[in-house]
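Thanks for asking me to look this one over with you. Please open the sequence and the structure side by side before reading on.

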Amino acid sequence: MPKPAGRVLTLLELLQSGGTRTVAELAERLGVDGRTVRRYVGQLIDLDVPVESVRGRYGGYRLGPGHRLPPLMLSDDEALAVLLGLLAGRRTGLVTAGHTASETATAKIRRVLPQRVARRLDALLDSLAFTDRPGGFDTPDADVLLTLADAVSHCRPVAMRYTGGDGRRSERTLHAYGIVAHAGRWYVTGQDADSGADRTFRLDRIADARTLPGSFELPEGLDPAQRVVSGFATAEYRYEVALRIQGTTEQIRARLPASVATLEQSDEEGWLRVRLRAEHLDWLPPVLASLDCPFVIESPEELRTLTTDFAARLTAYASHP
């Protein structure tokens, strides 16, 4: 690559690092004079790179918003960070508009990587393993995600069409408090404007989201992530489970996180009251056994029976010669 062209790309990389760069600073970094810097800036502008001139004592040049993304100059570490982020996003389901955009972005970056970096990346991917299975998640629409993010940022109501887990469609108006990524899915939490109830919706089930005129006040002490996980713990399921466990919050939370159970102080010192809802109970006896703490099952009776049967099986297995 001829030196002038290489310097133009170096100038672009310097501007992409952010902030305003003075002509003197750019001239020193590029090893040229100020007049040449201004000529290089003109070449970038001819390529539709949105370079802005900043006047004043601390003036110089900076990148401004443009109608398209300018060419990106990534270091080896930056390229690896972007590619690993794209890979992790696909594996965890935290991508939008399916996998197409992620895959094409990955292909574009890999195509321009130097061979040495590409070989290192291939070696890393060949040696990398995940404990979860590849994501088979339903991803949200990018326009829906960005519309909801704008509504959250400006405290504006948003109208949307929602398809529930039972396939029923409904029109909703939501005062969106925040967007939360949890367990490989995207959620939006807020207040249903019609019922006044706090609700959490999966983004991949939302269509035709659009912001509405007006605004709303955010509740004090708002924690959208906590609202989502506590909503899972109190959702309507077949069984309501009530327990008392003698142990610390840390011990119990290691097996029953906030998205599964709620904890309250008990009248008995050293004991905590645990409540959760579940569609099935067969997973609970092994969890209670793994706590290795004294516990009392208050309800339902079915859980007490399952736990007794589980203990009997363990006893039989342990005594088998």
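The points below go from the whole chain to a sheet, a helix pair and a single residue.

1. A word on the source before the details: this is a predicted model. The chain has 321 residues, and 33% of them count as buried. You will find 11 helices and 11 strands along the chain.

2. Two overall values help with orientation. About 19400 Å² of the chain is exposed, with carbon and sulfur atoms supplying 51% of that area. If you take the contacts between residues at least 6 apart in sequence, 60% of them join residues at least 24 apart.

3. Now to the sheet. Five strands form an open sheet in the order β6-β5-β4-β3-β7, and the pairing is antiparallel. Strands β6 (198-202) and β7 (206-211) are at the edges; each has a single partner strand, so one side of each lacks a neighbour in the sheet. On average, neighbouring strands here are turned by 45° against each other, direction ignored.

4. For a closer look at one pairing, follow β3 (residues 158-163) and β4 (residues 169-182). These two strands pair in the antiparallel sense over six bridges. To place one of the bridges by eye, start at A159, whose bridge partner in β4 is T173.

5. What lies across this part of the sheet? Helix α7 (residues 142-154) does, lying across β3, β4, β5 (185-192) and β7. The helix runs at about 35° to β7.

6. Which two helices pack at an angle of about 80°? They are α1 (residues 3-16) and α3 (residues 34-46), and their axes are 10 Å apart. That angle falls between 65 and 115 degrees, so α1 is roughly perpendicular to α3.

7. The residues behind that packing are worth selecting in your viewer. From α1 come P4, R7, V8, L11, L12 and L15, while α3 contributes V37, Y40, V41, Q43 and L44. Sorted by class, the contact of α1 with α3 has nine nonpolar residues, one polar and one charged.

8. Finally, a single residue: T307, in helix α11 (residues 301-319). Is T307 buried or exposed? Its relative accessible area is 13%, and buried means under 20%, so T307 is buried. Beyond its neighbours within four places in sequence, T307 is in contact with P285, L288, F295 and I297.

Conventions: Residues numbered from 1 in each chain as written. Predicted model: local features only at pLDDT ≥ 70, side-chain atom pairs only at ≥ 80, totals over all residues. Heavy atoms only, no water. Pairing = 2+ DSSP bridges. Helix = DSSP H or I, 4+ residues; strand = E, 2+ residues; numbered from the N terminus. Axes fitted to C-alpha atoms, helices over the stretch in contact; angles between N-to-C directions. Contact = heavy atoms within 4.5 Å. Parallel < 35°, antiparallel > 145°, perpendicular 65-115°, else oblique. Nonpolar A, V, L, I, M, F, W, Y, C, P; charged D, E, K, R; others polar. Buried < 20%, exposed > 50% of the residue type's maximum accessible area, 1.4 Å probe, protein only. Areas by Shrake-Rupley, 256 points an atom, 1.4 Å probe, with all protein chains shown as cover.
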